[in-house]
Amino acid sequence: MSGKTTGVAHQVLSSAGLLALIAILGTGLLAAVNELTRERIAEQERQALIRQLGRVLPEGAYDNDPLGDTLTLRHDSLSRSDEAVRVYRARKGEQPVAVVLDHVAPDGYNGDIQLLTSILADGRISGVRVVSHRETPGLGDPIEAERSDWILAFTGRSLEDPEPERWGVTRDGGVFDQFTGATITPRAVVEAVQRALEYHQANRDALYRRNEQKRDD
Amino acid sequence: MTERPRLKQVFMDGLWHQNTGLVVLLGLCPLLAVTGTVVNGLGLGLATLLTLVASNLSVSWLRGLLRPEIRIPAFVLIIASVVTVIQLLMQAFVHDLYRVLGIFIPLIVTNCAIIGRAEAFASRHHPLAAMVDGLATGLGFCLTLVLLGALRELLGRGTLLSQAHLMFGEAGRALELTVLPHYEGFLLAILPPGAFIGLGLLVAARNWLQARRVRRSAVLNKALGAA
């Protein structure tokens with residue numbers, strides 16, 4: 001009887017040991033691959049961000065590195081209230097050129113639409129791009145610059161152009177087109193961009209202020 | 001160990017007779033979710049193919065050590081490690097594609113086809129056969145994803161291989177085909193119901209082809225028998 005118990009104990013222990021060995025091998029492999037790819041992944045993410053910022057910022061108008069000149073803020077009009085909004089600042093010398101807000105339109109047809117909106121120091125938009133969204137393919141996805149030119153209609157606009165009551169989609173009496181079968185998606189984007197402009201107008205100097213973490217106001 | 005399987009048979013089983021997507025109907029979650037375009041299907045298909053080969057090889061190497069009572073957790077550990085390695089590699093080398101496929105890469109872990117092959121085949125056969133089995137099963141799955149992606153992309157958007165640059169770099173743009181210019185689009189094909197209907201059509205097509213093959217070989221055998 002005791003021999004049998006020892007046998008079982010032995011079996012359980014050796015099984016557990018074997019499982020632990022496999023876990024250690026797996027973890028070791030992961031650690032090694034992680035070590036080998038970490039720098040490259042960070043660099044790829046940086047490059048992807050540089051490409052995205054390059055699409056919305058005016059080319060050649062700034063000489064700093066906006067990726068190294070950022071600030072983080074929280075505001076209800078730019079994201080869901082608990083989420084941080086990242087702001088990239090472009091400058092020429094000490095002169096402010098533009099800020100890029102990485103903000104959210106929370107009221108898309110399928111949840112959040114992540115946007116990059118670049119606002120020049122004079123309040124005009126130099127570009128808007130959709131970073132990620134889950135809108136209906138075929139209906140809502142013309143907001144992507146790869147699928148249609150719709151998002152380019154924001155370029156050059158400001159809070160005064162068009163006048164505030166015309167800042168909306170055609171269905172709401174505004175100047176921005178909606179898509180066949182989809183009004184909610186473009187409406188969400190238009191309103192989010194307008195809110196970003198309003199935030200910029202109210203907080204312009206704070207947005208460009210150096211080396212200070214700005215909090216909710 | 002059972003008797004050595006014939007590799008050609010193993011290959012044909014994975015690719016055709018036991019095709020994961022069309023016959024066994026395993027791994028339908030990624031199959032239905034990412035097949036909106038050819039490129040997405042191909043990306044996930046290749047990632048799954050790599051996972052299958054690597055996990056089958058590892059399981060087969062370790063099969064002498066694996067006891068029945070711990071083989072399932074051991075399979076899960078092996079598959080999870082392999083998938084995470086592939087995820088890191090994709091993030092490092094095909095970053096844009098990784099951004100598109102996003103959540104579906106880690107979900108390869110839950111593709112029951114992989115643990116199914118580990119249990120049913122790799123843990124009972126030598127590494128070479130296990131590798132061939134992984135390759136064939138993966139190819140079969142990948143082809144299904146690409147076919148379904150092509151069907152849905154063509155019907156839904158009138159293009160093929162759009163956004164190929166995500167996978168092949170800038171040279172990939174030359175591969176992008178607009179098959180039907182000025183196409184209005186057929187939304188149903190892109191939405192989830194289109195995935196189910198498309199898969200149904202593919203399963204039907206495969207069954208029809210298979211039935212025809214069987215009929216032909218029956219006729220042939222009869223003719224040979226009569227002669």
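This is a short walk through a sheet in chain A and some helix packing in chain B. Keep in mind that the model is predicted.

**Stop 1: the sheet in chain A**

Start by colouring the strands of chain A. You should find five strands forming an open sheet in the order β1-β2-β3-β4-β5, with antiparallel pairing. At its edges are β1 (70-73) and β5, each of which pairs on one side only. Look along the sheet and you can follow its twist, which averages 25 degrees from one strand to the next.

**Stop 2: β2 and β3**

Now select residues 85-92 and 95-108 of chain A. These are strands β2 and β3, which run antiparallel and are joined by seven bridges. Show side chains for two cross-strand pairs: Tyr88(A) stands opposite Val100(A) in β3(A), and Val87(A) stands opposite Leu101(A) in β3(A). Then move to the turn. The hairpin of β2(A) and β3(A) has two residues between the strands, and Gly93(A) in this turn has a positive phi of about 60 degrees.

**Stop 3: on to β4**

Keep Leu101(A) selected. Which residue is its bridge partner in β4(A)? Add Thr117(A) to the selection, since that is the partner of Leu101(A) in β4(A). Leu101(A) therefore links your last stop to this one, with Val87(A) opposite it in β2(A) and Thr117(A) as its bridge partner in β4(A). Zoom out to the whole pair, and you will see β3(A) and β4(A) joined in the antiparallel sense by nine bridges. They also form a hairpin, with two residues between them.

**Stop 4: the edge strand β5**

Select residues 111-120 and 125-132 of chain A. Strand β4(A) pairs with β5(A) in the antiparallel sense over six bridges. Leu115(A) is a good residue to label here, as Val130(A) in β5(A) stands opposite. The hairpin of these strands has four residues between them, and among its residues Gly123(A) takes a positive phi near 95 degrees.

Is β5(A) largely enclosed or open? Six of the eight residues of β5(A) are buried, so this strand is largely enclosed by the rest of the structure.

**Stop 5: the helix across the sheet**

Add residues 184-208 of chain A. This is helix α2, which lies across β1, β2, β3, β4 and β5 of chain A. Compare its direction with that of β3(A): the helix runs at about 145 degrees to this strand.

**Stop 6: α1 and α8 in chain B**

Switch to chain B and select residues 7-17 and 127-157. The axes of these helices, α1(B) and α8(B), come within 7 Å and cross at roughly 25 degrees. That angle makes α1(B) roughly parallel to α8(B), and the crossing is right-handed. To see the contact, show side chains on the α1(B) side, including Val10(B), Phe11(B) and Leu15(B), and on the α8(B) side, including Val132(B), Leu139(B) and Leu143(B). By class, the residues of this contact are 11 nonpolar, three polar and one charged.

**Stop 7: α8 and α11 in chain B**

Keep α8(B) on screen and add residues 192-226 of chain B, which form helix α11. How far apart are the axes of α8(B) and α11(B)? They are 10 Å apart, and the helices pack at an angle of about 120 degrees. This makes α8(B) oblique to α11(B), again with a right-handed crossing. Contacting residues of α8(B) include Leu147(B), Leu148(B) and Arg152(B), while those of α11(B) include Pro192(B), Gly198(B) and Leu202(B). The contact divides into seven nonpolar, three polar and one charged residues.

Terms used
Residues numbered from 1 in each chain as written. Chains lettered and ligands numbered in written order. Predicted model: local features only at pLDDT ≥ 70, side-chain atom pairs only at ≥ 80, totals over all residues. Heavy atoms only, no water. Buried < 20%, exposed > 50% of the residue type's maximum accessible area, 1.4 Å probe, protein only. Pairing = 2+ DSSP bridges. Axes fitted to C-alpha atoms, helices over the stretch in contact; angles between N-to-C directions. Parallel < 35°, antiparallel > 145°, perpendicular 65-115°, else oblique. Left-handed = near helix turned anticlockwise from the far one by under 90°. Contact = heavy atoms within 4.5 Å. Nonpolar A, V, L, I, M, F, W, Y, C, P; charged D, E, K, R; others polar.
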